[in-house]
Amino acid sequence: IITAANEVFKKSKPKHLVKTIEPIKRKNDGSLDFGDAITVYKAKDETDEINFCAFEMERIKQKNPDLKWNDFAILYRAHEQSKVAKKILESKKIPYIIYNPHFWQRKEVQDICSYIKVLSFYIKLHKKVFEEPMPMIAIEGSSIESDIKRLYYLPPVSFSAIENEIMSHIFHPYKLFTDGKVLEDMLRRLTDENSKKKFLKLFEIFSDIANCEPQMSLSDAIGYILEKGGYLDLYQKGAFQTEQVKESVRFALAVKEEAADFEGVRGGNLPLYEKIDMFIESISMRGKSTEQSALKTVNDYVNVMSLHAAKGLEFNTVFFIGLEENILPIKHFSEEKISKKEKEKRLDEERRLFYVGLTRAKERLFLTYADTRKWYGKPQQFEPSQFLNCLPGKLLDKGSFAVGFWEKFKYFFVKLFR
């Protein structure tokens, strides 16, 4: 792996600028231990590509029982590639986590997270989960109070600046849910009857969900909040919907889909408030701008992430997928009217990302590309990435998924009866 990485910049940079990493491992006789060859696999399509990754992960785990799922990583250039990985890993019941900081840090996503955090708090009060006296509640290190304050600005409450000034007199907003006198005092301060109704509407929504809690899924609870609370109306009420507005709606609805996917893998028949807490914990890991602290979790998942998110991390075994022209290097090089110098600069950045992908692997590295793939909904046929040409053939091994029938048969036979 290290020897291959050293070849990436050799033809594109002067010798004195090429950084060379020395292999660390040596055999007992002092000679270099090159380890396993790098496997290059040509897939029929994107489904075959991820099926190959899943098969190899399970095969390696079977041969190396000490390995955990979080010793494996699937790395990609564009988040579009994560959709197939998600679908296939779920179907094979392989635990995974997709890191996508850009998605989880969106305002719409954070808004919905605040709704369900406060909902979880409300249900715990409703079910008397908390011990007395009432503690200051914190979820993922963030006080519940900041989430309650966020709801002041969101439907159905949507307080004005003056009303928010009135609410600032409440030093502990969580007491609106735990102390009837604090709630009465707040309603008394709000002179506008419509404002009182809007705030009580939030309680009504939470109460409806809490009363249906045993039967209601997390995704249904989010859908109920979005519909009854009028959150989507915030973006859809305009006569003309811009692309930005449509994108905001898509992101909000995507959280509901993420919740449904999450429940399909985890959660089961747990109470709704426990599912919310687990979902929020999952989001806190996937939403960090750097994943290093996220990966210290005790939970055991295959790491699925972009090359940018993987910087600074290492994994025992890496599957570097989608190594095709127009994906890595990314497509805009052939379409944008840019200067030759700018084009070379961007190509160098893509080459650095390729280098990052190679050097995330400590023991095993699999490089994959597909003959055809659906790319943003359209069937495409791309050439193998030009970056593969810089890797010496003697370091590579041709991956086989369709031909290794006997090995597959033994693997599935053992898995069936163990």
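## The big picture

Let's begin with a count of the parts: the chain has 18 helices and eleven strands. Keep in mind that what you're looking at is a predicted model.

How much of the chain is buried? Of its 418 residues, 49% count as buried. The accessible surface of the chain adds up to about 22,400 Å², and carbon and sulfur atoms account for 52% of that area. Now take the contacts between residues at least 6 apart in sequence: 73% of them join residues at least 24 apart.

## The sheet

Seven of the strands build an open sheet with parallel pairing. If you walk across the sheet, you meet the strands in the order β3-β6-β2-β7-β8-β1-β11. Which strands sit at the edges? They are β3 (96-99) and β11 (396-398), and each of these pairs on one side only. The sheet is twisted too, by an average of 25° from one strand to the next.

Have a look at the β3 edge. Strand β3 runs parallel to β6 (residues 302-306), and four bridges join the two. One spot to find in the structure is Tyr 96, which stands opposite Val 302 in β6.

## Two helices on the sheet

Helix α2 (residues 46-63) packs on the sheet. Which strands does α2 touch? The answer is β1 (38-43), β2 (72-76), β6, β7 (315-320) and β8 (361-370). The direction of α2 makes about 155° with that of β8.

Helix α3 (residues 82-91) packs on the sheet as well, touching β2, β3 and β6. Its direction makes about 165° with that of β3.

## A closer look at α3

Which residues of α3 are buried? Ser 82, Ala 85, Lys 86, Ile 88 and Leu 89 are. To make sense of those numbers, remember that an α-helix has 3.6 residues a turn, so residues three or four places apart point the same way. Try tracing Ser 82, Ala 85 and Leu 89, which are among the buried ones, along the helix in the structure.

Just after α3 comes a residue to check in the backbone: Lys 93 takes a positive phi of about 55°.

## What about the cysteines?

A disulfide is a covalent bond between the sulfur atoms of two cysteines. How many disulfides does the structure hold? Zero.

Are Cys 53 and Cys 113 buried or exposed? Cys 53 counts as buried because its relative accessibility is 0%, and the cut-off for buried is under 20%. Cys 113 passes that test too: its relative accessibility is 4%, so Cys 113 counts as buried.

Notes: Residues numbered from 1 in each chain as written. Predicted model: local features only at pLDDT ≥ 70, side-chain atom pairs only at ≥ 80, totals over all residues. Heavy atoms only, no water. Buried < 20%, exposed > 50% of the residue type's maximum accessible area, 1.4 Å probe, protein only. Contact = heavy atoms within 4.5 Å. Areas by Shrake-Rupley, 256 points an atom, 1.4 Å probe, with all protein chains shown as cover. Pairing = 2+ DSSP bridges. Axes fitted to C-alpha atoms, helices over the stretch in contact; angles between N-to-C directions. Disulfide = S-S within 2.5 Å.
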